[in-house]
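Visitor: I'd like to walk through a binding site with you. Can we pull up the model and start with the ligand?

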Amino acid sequence: MTKRVYIKTYGCQMNEYDSARMADVLAPLGFAAADSPEEADMVVLNTCHIREKAAEKVYSELGRLSRLKRQRRAAGGEFLIAVAGCVAQAEGEEMLRRAPFVDIVCGPQAYHRLPELMERARNEPARGAIDTDFPAESKFDHLPEAAAPQGIAAFLSVQEGCDKFCTFCVVPYTRGAELSRPAAAVLAEARRLVAQGAREITLLGQNVNAYHGEATDGSSWGLGRLVRALAAIDGLWRIRYTTSHPRDMDDALIAAHRDVPQLMPFLHLPVQSGSDPVLERMNRRHTADDYRRLVERLRSGRPDLALSSDFIVGFPGESDADFVATLRLIEDVGYAQSFSFKYSPRPGTPAADMPDQVPEPVKAARLAELQALLKRQQDRFNHAAVGQVMTVLFDRPGRLPGQLVGRSPWLQPVHVPVHVPGHVNDATLGLGMMREVRIVASHANSLAGALPEPGGQEASRSGAAVLEHVPA
Ligand code: 5AD
Ligand code: SF4
C-alpha cells in the first residue's frame, strides 16, 4: 500500500533542494507526496536556523503534530515525525528531550540515512533516532540518482557548508565545513536534469562560488570552469548560481560572466553592510570599496548585469554613520532586488556576545528606511524594462487562464497571454519554450509581456544571446 509523506520546508533554496532529495530517498520505501500532515503517514519538517526564534517556531509546529500523532496512534495507524535541517542539527538531543514524541532528528548531512533512522525509530519507538554527524563520506555519494523530474527551471546543489565564519551566521556550525561535489557528478546530474526537460539550472551552495570540485584529471575546478563545462550541454539554455561571497569572485568566474551567454546577467552577491568597521566586525574580509570595485569589474564585462544582495541592519555597534554608509553603497551599486533583515543574535555565534547590541526600535526604523530605498530601486529597475524586448523562458502556467509565466534573464517573472487570436505564434507558445517578449507593463514583483508583432522592429536588450536554441 502506498504511504504518504508530507515535507514542510523552511528557509533557503538549499533546503528546497534537500527536501526534494529526501522525497527521492523515501520514494523507494513506498512513500508518495502528501498535500497536508492530515493525509500523511510521515511528516518531515526541514528546518532553518538562520534568523529569529527558528527553534521556537519548530517546537510550536511540533506541538500541533503531536496531537495528530496521538489521534493516529489511537486509531491504530502509523505517524512518524522527523525533524531535519539546521534546527535539527543545532538542537540535537535537546530536541528529543523537549519533544519526546519526535521519532527522527536528522542533520543536513545525514539525509541519505533516513531509511536506517526510520527503521531504528520503528524498532525503538520510545527513544527516537538521531543523526547529526558530519560523516566523512558525502551524502551526495549516497543519494539516489533517479531523482524526480524538477521541471523546466531546476536546482542543482554543487557545494555545501561554509568556512567563512561571518560572526553573525550559524551556517558554518549547522552545515559544517565547505564541501564541493566532484565536477563529473555535477555534470552528470545536469545532463540528467536536461534530459528530463530542464532548460535552466541554478547551481546551489551556501557559498557556491567557493566551489572547488575535483575534476577527473585530479585538478580542481572553480565555479567559472564548471559554468563553462555546463554551458557545453546541449539543451541547457540558462545557468544561474546562488549564493555567493564577494571574496570568492575570482578572475575565472568574472570572465565567465563576460564570455558565457548562458550565464544569466543577474547575480546575488550579498554585501550585508556598506560600513568598513561593521564589515570588519562581521568578519566579511572585504571593504565596501572592494565590493564597489568588484561590481565595476563584473559590469565592465557584462554591462547589463543586475545585482541583488542581502543586508543586515542593527549589527552590534552599528552607528547612524555606519547605517548611512550602507545606504550610500546601495545608491552607488543600484540593486534590482534585495533581501534585508534585522540583526538577530544567534546563540553560539561571536556577534551574539558583542557589546553595543542595537535596540529593537532602532533596528526597525533602519530596516524600514533601507527597504524603502531598495523598493524604489526595484521599481525603477522593473519600470525600465517596459518597452524592451527580452527573452523569457516559460516555466509555469499563469494564475489566469490562457496565461503563461516565465522568467526574464534578470529573474523577473513575466506574464504573457498565450492565446492572441490570429497571432502567428499562438499555436506554438508553450511551457519549456524561450521566446522574445515585449514588456508592456511593470508591477511590484512582476512584468506583463506580449509576443512581439511578427516582423516588427523592436529595441532589444541583450541578456540571452541563445536564440538559436529557441524551439521552432
Ligand atoms: N541575523 C540577521 N540576518 C542574518 N543572516 C544570516 N544570519 C543572520 C543573523 N544572525 C542573513 C544574511 C545572509 C542571509 C542568508 O541571512 O544577510 O546573507
Ligand atoms: Fe554565513 Fe554566508 Fe558568511 Fe558563510 S559566507 S558564514 S553562509 S553569511
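Visitor: How far is a nitrogen atom of ligand 1 from a polar backbone atom of F168?

Guide: Quick ground rules: this is a predicted model, where local features need pLDDT of at least 70, side-chain atom pairs count only at pLDDT 80 or more, and totals for chains, interfaces and linings use all residues. Residues are numbered from 1 along each chain as its sequence is written, chains are lettered from A and ligands numbered from 1 in the order written, and side-chain values use heavy atoms, leaving out hydrogens and water. The F168 pair is a polar contact (N or O atoms within 3.5 Å), and its distance is 2.9 Å.

Visitor: What percentage of ligand 1's accessible area does the protein cover?

Guide: There are further polar partners: a side-chain N or O atom of D310 sits 2.6 Å from a ligand oxygen, and a backbone N or O atom of S344 is 2.8 Å from a ligand nitrogen. On its own, ligand 1 has 400 Å² of accessible area (Shrake-Rupley, 1.4 Å probe). The covered part is 87%.

Visitor: Which strands each supply at least two residues of the shell around ligand 1?

Guide: Shell residues have a heavy atom within 4 Å of the ligand, and they include I312 and F341. Strands here are DSSP E runs of at least two residues, numbered from the N terminus. The ones you want are β15 (306-313) and β16 (337-342).

Visitor: Is S273 buried or exposed?

Guide: Buried means under 20% relative accessible area, exposed over 50%, with a 1.4 Å probe and protein chains only. S273 has 1% relative accessibility, so S273 counts as buried.

How values were computed. A polar contact is a pair of N or O atoms within 3.5 Å; within protein, one must be able to donate a hydrogen and the other to accept it, and residues adjacent in sequence count only if both atoms are side-chain atoms. Helices (H or I, at least four residues) and strands (E, at least two) are DSSP runs, numbered from the N terminus.
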